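Could you walk a newcomer through this structure, one question at a time?

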Amino acid sequence: MAALLLLFLFLFASSALSQDSLIGVNIGTEVTNMPSPTQVVALLKSQNINRVRLYDADRSMLLAFAHTGVQVIISVPNDQLLGISQSNATAANWVTRNVAAYYPATNITTIAVGSEVLTSLPNAASVLVSALKYIQAALITANLDRQIKVSTPHSSTIILDSFPPSQAFFNKTWDPVIVPLLKFLQSTGSPLLLNVYPYFDYVQSNGVIPLDYALFQPLQANKEAVDANTLLHYTNVFDAIVDAAYFAMSYLNFTNIPIVVTESGWPSKGGPSEHDATVENANTYNSNLIQHVINKTGTPKHPGTAVTTYIYELYNEDTRPGPISEKNWGLFYTNGTPVYTLRLAGAGAILANDTTNQTFCIAKEKVDKKMLQAALDWACGPGKVDCSALMQGESCYEPDDVVAHSTYAFNAYYQKMGKASGSCDFKGVATVTTTDPSRGTCVFPGSAKSNQTLGNNTTALAPSANSTTSGCIPKYYHPHASFGDLTLLSLLLIVALVFL
């Protein structure tokens with residue numbers, strides 16, 4: 001018993017976000033009704049996010065981050081690049097106004113000089129390294145060069161032939177810039193900043209890249225991509241791109257420069273031709289990416305060496321130009337409500353983006369109906385959910401289909417288990433949502449519309465000690481459905497409650 005209790009405490013207490021978390025977020029500014037800096041900081045604190053990247057050096061934002069401990073990347077916007085690259089005095093003035101004025105109260109760790117300059121502003125490529133050197137010189141003068149690194153974010157498209165990763169190389173057109181840039185990063189101990197978007201690689205591959213490979217979904221061994229030169233196995237696009245960058249640097253004889261991913265994410269909504277920009281895919285990608293990073297999985301080339309990664313982005317940018325997907329990369333709406341609730345098993349409070357605690361478990365769309373039926377039978381049978389509301393003539397009978405009935409049963413189990421991690425999965429046919437699925441007189445457990453929410457009440461739905469039946473409809477009992485992982489979690493919760 002004591003061992004089980006210790007295991008429970010380890011899983012749920014020791015996983016809290018520490019000060020050296022490897023996950024951060026980007027904060028864009030093309031937003032209607034942008035929350036105030038204090039509201040932004042409050043949201044970040046509620047999510048235990050302690051890394052953030054700003055696309056400028058906004059005074060009010062930097063003041064709001066003072067004394068919070070949040071590690072901040074500030075940026076020199078592209079339109080200021082030319083001036084800084086031509087004048088040591090201009091760079092020194094920029095550092096005085098935007099860095100020295102706030103540090104160390106505001107924990108500025110990195111200055112990102114420009115953004116994707118080689119691909120988005122190629123005419124400025126020739127002055128990029130000069131700008132980096134002038135900013136570095138200004139930091140040395142201010143005695144801040146050991147505390148703050150200087151680099152510049154790149155699009156991963158500067159890497160050609162990214163698979164197999166061992167054959168990747170930087171676009172040779174940029175060698176006059178890349179080589180001195182890498183020399184600068186190596187000499188200053190600064191990272192290569194890289195923006196990695198498997199979404200675009202997947203979309204542009206025209207079906208060559210499988211969706212599961214882009215989303216970090218588990219693959220059968222024979223479906224993994226193998227680098228024939230190194231025999232390294234790749235299970236996702238993200239790792240392949242990061243390793244391609246490592247190999248591209250080694251091709252130029254730079255082998256000790258770390259990589260920080262400054263942007264990565266997946267859009268939750270798209271236009272008619274953007275079929276894979278969906279809430280489900282965005283949730284799957286970001287949840288799996290965060291789990292991948294916090295587990296310090298590393299990449300096949302550098303296993304166990306985690307890649308610090310910044311999710312793109314905190315808020316949806318509704319005024320951003322371009323296709324609909326460009327406006328929908330955020331984890332949150334500007335009112336602080338989550339676009340979706342991340343699925344982070346064992347990740348503690350890391351970006352558990354349910355700010356209202358109003359989450360529900362629903363059946364996924366377009367999944368095998370037989371699997372849904374088996375999961376429904378389990379929930380209403382061995383899962384000991386009270387499914388009486390689904391009986392003919394009762395409030396939640398209509399519509400009489402397996403999706404609607406599964407959603408009710410899945411959610412009842414999820415609420416009964418106190419929304420515990422892993423209690424909304426049912427072998428992959430269920431997902432968490434912040435939208436209340438109640439309809440008419442059919443009020444779901446956990447709904448604010450209910451006079452009595454089930455919350456953490458683990459006895460409300462369970463049969464009595466003297467009961468010989470589950471209290472569920474025989475129609476839904478499925479004796480062969482096995483959900484052992486959920487049962488184990490139930491036991492852990494019960495043991496914890498007994499001993500605490």
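The questions and answers below concern a predicted model.

Q: In what order do the nine strands of the open sheet stand?
A: The nine strands pair in the parallel sense within one open sheet, and the twist from one strand to the next averages 25°. Read across the sheet, the order is β5-β4-β3-β2-β1-β13-β12-β9-β6.

Q: Which strands stand at the edges of the sheet, and why is one side of each left without a neighbour?
A: A strand with a single partner has nothing beside it on its other side, so that side is left without a neighbour in the sheet. This applies to the strands at the edges, which are β5 (149-151) and β6 (153-155).

Q: Which residue of β9 is the bridge partner of His-154?
A: Strand β6 pairs with β9, which spans residues 192-195, in the parallel sense and over three bridges. Within β9, the residue that serves as bridge partner of His-154 is Leu-194.

Q: How many residues of β12 are buried?
A: Strand β12 is joined to β9 by four bridges, the two running parallel, and Leu-192 stands opposite Ile-259 of β12. Strand β12 also pairs with β13, again in the parallel sense, over two bridges, with Ser-264 standing opposite Ile-311 in β13. β12 is mostly covered, and the number of its buried residues is six of six.

Q: What is the handedness of the β-α-β crossover from β12 to β13?
A: Between these two strands, which are paired in the parallel sense, the chain passes through α12. The handedness of this crossover is right-handed.

Q: What angle does the direction of helix α12 make with that of β13?
A: Helix α5 (residues 88-100) lies across β3 and β4, and its direction is at about 150° to β3. Helix α12, made of residues 279-294, packs on the sheet as well, where it touches β1, β12 and β13. The angle between the directions of α12 and β13 is about 155°.

Q: How many residues apart in sequence are the parts that Tyr-197 and Tyr-312 tie together?
A: These two rings form an edge-to-face pair, with 6.1 Å from centre to centre and 85° between the planes, and both residues are buried. Tyr-197 lies in the loop between β9 and α9, whereas Tyr-312 lies in the loop between β13 and β14, so the pair ties together parts whose separation in sequence is 115 residues.

Q: Which kind of aromatic pair do Trp-266 and Tyr-285 form?
A: Trp-266 lies in the loop between β12 and α12 and Tyr-285 lies in helix α12, so their pair ties together parts that are 19 residues apart in sequence. Both residues are buried, and they belong to one aromatic cluster that also includes Tyr-197 and Tyr-312. The centres of the two rings are 5.6 Å apart and the planes make 35°, an arrangement that counts as tilted.

Q: Is Asn-328 buried or exposed?
A: Asn-328 is found in the loop between β13 and β14. Leaving aside neighbours within four places in sequence, its contacts include Trp-266, Pro-267 and Asn-316. Its relative accessibility is 13%, and the cut-off for a buried residue is under 20%, so Asn-328 counts as buried.

Q: Which residue lies over the face of Phe-247?
A: The residue in question is placed at 4.3 Å from the centre of the Phe-247 ring. Its name is Lys-301.

How values were computed:
Residues numbered from 1 in each chain as written. Predicted model: local features only at pLDDT ≥ 70, side-chain atom pairs only at ≥ 80, totals over all residues. Heavy atoms only, no water. Pairing = 2+ DSSP bridges. Axes fitted to C-alpha atoms, helices over the stretch in contact; angles between N-to-C directions. Contact = heavy atoms within 4.5 Å. Phe/Tyr/Trp six-rings, centres within 6.5 Å; stacked < 30°, edge-to-face > 60°. Buried < 20%, exposed > 50% of the residue type's maximum accessible area, 1.4 Å probe, protein only. Lys NZ or Arg CZ within 6 Å of the ring centre and 35° of its normal. Right-handed = clockwise from strand over helix to strand, strands pointing away.
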